[in-house]
Amino acid sequence: MSLNDYLLVSGLLFAIGFTGVLVRRNLIVIYMCLELMLNAANLALVSFSRFRVAPDGMPDYHGQILVFFIITVAAAEVAVGLAIIVALYRARQTTQVTEINRMQY
Amino acid sequence: MGSLLFNVFALFTLIAAVGVVVNKNAVNAAMFLLLSLVGMAGLFVLLDAPLLAFVLLLVYAGAVVALFLFIIMLLDLKAENRRVVAPTALAGGVLVIFGFSGSLFKILQGFAPGKSLFPPLPTTVEDVKRVGMLLFQEYNLPLQIMATLLLVATVGVIVLSKRELR
Amino acid sequence: MAAWLILLAPLVSAVLIWLLLKSSRALSSYVSVAAVGLSFVCSCVVFAGGDFTVSFNWIDFGPRLTVPIGLTIDALSKTMLLVVTGVGLLVHVYSLGYMHEDRSSSRYFAGLSLFMFSMLGIVLANNFVMMFIFWELVGVSSYLLIGHWYEKASAADASKKAFLVNRIGDFGFMIGILMIWALLGTVTFSDLEPAVAKLVKDPVGNAAILSFLTVAVLFVFMGPVGKSAQMPLHVWLPDAMEGPTPVSALIHAATMVAAGVYLLVRVNFLLVAAPMAQNVIAWVGMITSLMAALMATQQNDIKRILAYSTLSQLGYMIGAVGFGAAQAAMFHLFTHAFFKASLFLGAGSVIHGMHHEQDIWRMGGLKNKMVPTFITFGIASLALMGLPYVTSGFYSKDAILLAAANKSWIFLGLGLATALLTAFYMTRLFVVTFLNKPMSDAAKHAHESPLVMTAPLMILSVPAVIFGFGGVAKWFNLDVPHGPDPLHVPMLAAAVFVWGTVMGWFVYRNRQSDPIRIGLFARKFYFDELYDVLVKLTQETLARLSAFVDKYLIDGLLVKGATTLAFSAGFVLRFFQSGNVQAYAIFFGLGVILLMLLAFR
Amino acid sequence: MNPIYLEAAVVVLGLVLLMAEAFAPKVEKKTFAWLAVAGLLLVLAATFFVDTAGLGKAAWQRFYAVDAAAMFFKRFALLTTVLVLIMSVEYVPVLQRYISGTPQGGGVAEFFCLPIFTCAGLMWMASAIDLTMVFVSLELVTISFYILVTFTRRRGDSLEAGVKYLILGALSTGFLVYGITWTYGLTGQTALAKIGPALAALKDQDTAIFFAFLLIMVALGFKIAAVPFQLWVPDVYQGAPTPITAFLSVGSKAAGFIVMLRILDVFLSVPALVGRIGQVLVLCAAATLIYGNLAALPQTNFKRLLAYSSIAHAGYLLITVASVLPQAGGSAPVLPAGETIAFYLAGYLLMTLLSFTVMVVVANYAPGDDIAHFNGLHQRSPFLAAALLIAMASLAGVPFTVGFFGKFYVFAGAVAARSWLLAAIGVVSVGAGFYYYFKVIRAMYFQPPAPGQETPVLLAQPTKLVIGALAALILLLGVFPQPALDLYSKGGRPAPVAQTR
């Protein structure tokens, strides 16, 4: 398989995740879709890393390190994000984005 | 063989991802997220990155999705009985998505290097060792920063979710 | 180092008093005196040392515009430093006594320190921009000090008047600076001098450039016209006498009003390159000096007489600059600073002793009640009148008259007439105040002021005499006569002195009221009335015009238009700022797409 | 001293304070804030003694720059954090009301500790010269801001702001990651110094490179609040605890700009892209200026007003960024772009933190953040009114304030680069700015205080000192800007950032 095939899957995944962020109203689902977007980047990174072979014939592991960091950040972000969403739910009994628009204009 | 597996995993990943977006029930969405991640782990293995595939499953399936599920249960979210998406949001979303994926396809079309096959690897990969060496030697500084980030996240989560703070 | 200390000590004192010591009157006055004392000591040190310049870049916009903050120490600024810090120190000491009862004396001393800082900044500045900033600061501190007793309506009005009239001059000054910068590409004095010299030598397009320079110099001259109170912007100075008397002595007699003269001397090389402008300056100066002297003859307020006399003497100095005799102008500035400060402080002592009575026709007979004041005031008066061959005022005035004689007989005539009038009105003032019989109860029970006030008077009367003699004149390069003197100007000056004094003596000895009534002079040539009418007229016109503009243009077009625009903008933007994150995300995405389009042109 | 220890010291300070809080619950919470302030000030002093020439570990040189820009923005971050912490002390009454339930003061110490870690992140961002490093340090900052914005979690607005910031911030992170991925994919490098030449060597990939550039710029545009990624700003600024609003508007924005300049420098090494990049920047700058200034006009809420003002100021800074690009017939700028931005941000720091500090003090008397809160402030506290007057005048760009010089340098740069359009829009929008900043001044000086709100406003001595110092600095730099410029240009080795052009 060529690099572009993987990049296409990654791009589609990114677009699907983006769609979810734009159209879903449940905060938790929106958050899942954001995770999808990050993982789309991960997939592209791994395929780029496999594609760029280092002089010794091994994949370019610098890309994989980046994936490592992204996964860590994503996990931390999920923890904090869900804590915020829970706090919001406790205060307002809702996870619908359309209902959090007290501040506007 | 490789191309068949790729097609299977890729379709699996994408369909599951669509499942996340369209599912009315948050629990089901989380399960689809898990499936999508499994598919992606498969793709990682195809890309000779077994370590990352393992880490992905461990962190995402083991921790992130579990956390999602846990929170959904905690909040006792029911399946949404209203329409999942607002029509205006849908219109805007569709516009954005088409624009974005259109430009993405166009770039991939013009991306000549990507059309070639992956170069073969000479030996079996020993990515645990390589990644480990890089991570703890060359990438020492970002790793330290990451540690700080995790600390901040920990403190933050405690502060934000404890009922009574001391 | 010492040079910086001169400048910064008063600033530190002003800031300290303003921020911390406001409540402690005694402490703040001592801090202020100590600061000016330090400045004075440093000035002496600098005076004894050599010339130098220290400077660092304030704004550095590359070669096109670099504005340094720099201090120039040369013969000119050294002299001025001595005058400013010396007189300043004495006035500060005097103020300890004069302002003893004032409840807001902390504010007074802070203002005084601020003034010292800004005045010293003018003296030390090595470029136009820095000078202009300190010029404005001097204006501000003068405003604060004139209006010190702001509860009094007349004081508040006077301070406002001084501020506004000075703005007119300063506006012109600023335009002048900009024109000079545009023409010569620099604002630093030391760089301007060779640039002007080059410009004058350059034969190509000379006429146009030189007339541009002339106009620029005239605009710069507007600054001194305002600050040194020349015709027609002189109206603020007499009113400024509403301020405390030490302020009048320091600011409105010895230092600030002389800043205009100082500036002109500093940029004398510019004036020399523009002879037309020089002529205008000479005329303005001499006319001011004569008219002010005429007005002085008919004033009854002791401080106003001195104020008009100051105007007149400033006119002399400005005139001297116009004659191309900058050194003579500086010499007169120098001597005048001491004897005029002495006169004002003496007047302050009289007012203090008379329980705030300022009308000379309610005084009289003070020669027995206030002996030190009487003697020192007499000495200073003689210096101002120019007692031949004894007082400093004679020598410096003589230098100016000589220069006038070299320029034209008209100027000499004007100068002599002024000298005559000076002798006359000072005799009037002196005779009526000190020698005649007491004309009120207050005069009968007048008492001498404390030593802290009389000591500065005594100290100041010494330079009023000795600073005319050879050594000091030599300092001003005046020992060489300015060409032939067929008219024997010193003799003429001596003659008009005798004439004026004798006339004054006979007219005013033993009079109870003024035998001469000349409305034109008493009403100050109706300048204030004229301005009132002018202001009223312009105000009326402007009011009508602005009412029209307000009603039809602003209300109709701008306000309605602008509010409509703003509200429609607000309305449109409301659409964006809906408060819904999802909408934000969509706009975010649309933005991305919009930018992507650029990639696929 | 190795400069790498600066961040280490900051992190250790945060750790020590966290531990101390855990083991000494009886200690007055404000003590921790003062300890943090003292510690950060020590580090700030230490920045002047670091050895900018040598980094001990060779591997770190790939990630970590110690040029003039880095040192300047490290000090900037430290100073900002110190001021935010002092503001936070004044904010404690509000905090206690909205954090915890019965035991008063719970969680307050964490409110003082978290900004320390944010500060470390900002300092790392200032030095980041590798995309990996940019990513991790930026995320450290972002995640800590998620927490800080939501910190007063018993207040609806704070939660709402937190959620909005979270969703959009995570979205922008997605774009950043994807952009980094593509940059890495095209060049095989993550170190900025190597990406430039690698990009220049690529053939026929302009569109892909531009795509990668845009994705990264989207994320940075979000950070600095540039149109069209600015919509979160008013809501989040309004909802966040006031000290955090100040922190966001100053620290986060400054770090965004330094990273943006560094990355821009890399992508400008592709000659074919210069024109397109220029278009993007000019477009964004113009839209940001117009949006920020127009939307602020009808505002009545002070924090929202400052939010729009923050957008507008991002617009002015973007003018400078756009002036970096080579233009036909352009001359050398009066000041290099890096210096202009550093100076502008230094001024912005002073005036913004001053405004917010005054607001925190006043809001302690009557909760809320409408401009009407400042009605008659002149009678209640002439000192505060004068300070806010100075801040507003400086924000508007009145001469003899630091804001004037900032705008002057920006416009001078635009004119030198022949960006007439931007210069024109900029000047016009300054006019609009006068209108809405003077609304605040009008409220303070020409409106009577609200009934029941005539009491004098009292403030603690340290706060008073800080307010006075900020106001004095605004005026001082407004007549004598050289020290701030020197601090940048003499801060270390010349920065590569946008100075070559």
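Chain B of this predicted model has an accessible surface of about 8,100 Å², and carbon and sulfur atoms account for 72% of that. For chain D the figure is about 13,900 Å², with 69% coming from carbon and sulfur.

So what are these chains built from? In chain B you'll find six helices and zero strands, so reading along the sequence just gives α-α-α-α-α-α. Its radius of gyration is 20 Å, while the globule rule gives 15 Å for 166 residues, so chain B is more spread out than a compact globule. Measured off along the principal axes, its C-alpha atoms fill a box of roughly 55 × 45 × 25 Å.

Chain D also does without strands: it has 19 helices and zero strands. Here the radius of gyration is 22 Å, close to the 23 Å from the globule rule for 501 residues, so chain D is as compact as a globular protein of that length. Its C-alpha box is roughly 70 × 55 × 40 Å along the principal axes.

Here are a few more values for each chain.

| Chain | Buried residues | Share of contacts (separation of 6 or more) between residues 24 or more positions apart |
|---|---|---|
| Chain B | 45% of 166 residues | 57% |
| Chain D | 70% of 501 residues | 82% |

Then there are the charges. Chain B carries 11 positive and 7 negative ones, and their mean positions lie 11 Å apart. In chain D, the mean positions of the 29 positive and 20 negative charges are 1 Å apart.

Notes: Residues numbered from 1 in each chain as written. Chains lettered and ligands numbered in written order. Predicted model: local features only at pLDDT ≥ 70, side-chain atom pairs only at ≥ 80, totals over all residues. Heavy atoms only, no water. Helix = DSSP H or I, 4+ residues; strand = E, 2+ residues; numbered from the N terminus. Rg over C-alpha atoms; globule rule 2.2 N^0.38 Å. Buried < 20%, exposed > 50% of the residue type's maximum accessible area, 1.4 Å probe, protein only. Contact = heavy atoms within 4.5 Å. Areas by Shrake-Rupley, 256 points an atom, 1.4 Å probe, with all protein chains shown as cover. Lys, Arg positive; Asp, Glu negative; His and termini not counted. Charge placed at Lys NZ, Arg CZ, Asp CG, Glu CD.
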